Amino acid sequence: MITIKNLSIFHGKKCLLDNINFHIKKGERVVLLGQSGSGKTLTSLALMHLLPHNLTATGEILYNNMPFHKKMRGTQIGMIMQSPASCFDQAFTMRHFFYDALISHHKTEKLTDTYFYEIIENVGLKNPKDILASYPFQLSGGMLQRIMIGLSLALETEFIIADEPTSDIDCIAEYEILELLKKLEKKQQALLLITHNIKTATQIADRILVMHQGKLIDNFETKDLYNENRHTFTKELIMAHKNLTQNAWGINFHV
């Protein structure tokens, strides 16, 4: 479905992303794991062809063996951004965002409140009529994140990029969002989830890609996370995660 060949990104002569190669199959859930500044979000922007104008890219990105075209956004490729509160214009209701998304991508046959209610209920929210009439500031971060996922579901894209979708919400909402993203597999939608959290990665991924300083340094199935062949930096991430759970009281915080 998605093939990235020799992708590099430059700011002038400085290389920000160095020769990235990977493939994501239909229905596969892949996690891009790494520290802040490692190049994860930059990779996702490149996949959506939304890089800032001062950056240049080389290499090839193919969707179903076809070069990218802007018409693929919202039809074949969807994106769930981090910090959902900043992604919605506070002057409009949720109904406006559903209408705008569907009209922009020529899905006018679905412009019914009945369809909107179904999507909202599918992402675990109650009282869909009230939600459609609500403004962004009237909803919590977790609810807005579900709405963003709902918009991707409404567009019925084949591939969804989720950039740190649980970074601004509490642990209960995080669990519910991850459970929701897992359900995408049933619809055969491919998922690329970006995170710095190993626990999040292991909860959802079929396969994990590890980035470090702009390079893709590890690529493995989740079941092989603790394999001795893992890259040194991957092992450092694992140890850092384990250290978070250690304390003087012997309590397991399940971080």
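Here are some questions and answers about the two sheets of this predicted model and one threonine in it.

In this predicted model, local features need pLDDT of at least 70 and side-chain atom pairs count only at pLDDT 80 or more, while totals for chains, interfaces and linings use all residues. Residues are numbered from 1 along each chain as its sequence is written, and side-chain values use heavy atoms, with hydrogens and water left out.

Q: In what order do the 4 strands of the open antiparallel sheet lie?
A: Strands here are DSSP runs of E with at least two residues, helices are runs of H or I with at least four, and both are numbered from the N terminus. Two strands pair if DSSP finds at least two bridges between them. On that basis the order is β2-β1-β4-β5.

Q: Which strands are at the edges of that sheet?
A: An edge strand here pairs on one side only. That picks out β2 (14-24) and β5 (66-67).

Q: Which residue in β4 stands opposite isoleucine 4?
A: Strand β1 (residues 2-11) and strand β4 (residues 56-63) run antiparallel and pair over 7 bridges. Across from isoleucine 4 in this sheet is isoleucine 61.

Q: What is the order of strands in the open sheet with mixed pairing?
A: This sheet has 6 strands. β6 (77-80) and β10 (215-221) each have a single partner strand, so one side of each is left without a neighbour in the sheet. The full order is β6-β7-β8-β3-β9-β10.

Q: Which residue stands opposite valine 31 in β9?
A: Strand β3 (residues 29-33) and strand β9 (residues 207-212) pair in the parallel sense, over 4 bridges. Valine 31 faces isoleucine 208.

Q: What angle does the direction of helix α5 make with that of β6?
A: Helix α5 (residues 141-155) packs on the sheet and touches β6 and β7, where contact means heavy atoms within 4.5 Å. Axes are lines fitted to C-alpha atoms, for helices over the stretch in contact, and angles run from 0 to 180 degrees between N-to-C directions. The angle comes out at about 180°.

Q: Is threonine 195 buried or exposed?
A: You'll find threonine 195 in strand β8 (residues 190-195). Buried means under 20% relative accessible area, exposed over 50%, and partly exposed in between (1.4 Å probe, protein chains only). Because its relative accessibility is 4%, threonine 195 counts as buried.

Q: Which residue's backbone nitrogen does the side chain of threonine 195 reach?
A: Not counting residues up to four places away in sequence, threonine 195 touches several residues, including Val31, Lys40 and Glu164. At 3.0 Å, its side chain reaches the backbone nitrogen of asparagine 197.

Definitions and conventions: A polar contact is a pair of N or O atoms within 3.5 Å; within protein, one must be able to donate a hydrogen and the other to accept it, and residues adjacent in sequence count only if both atoms are side-chain atoms.
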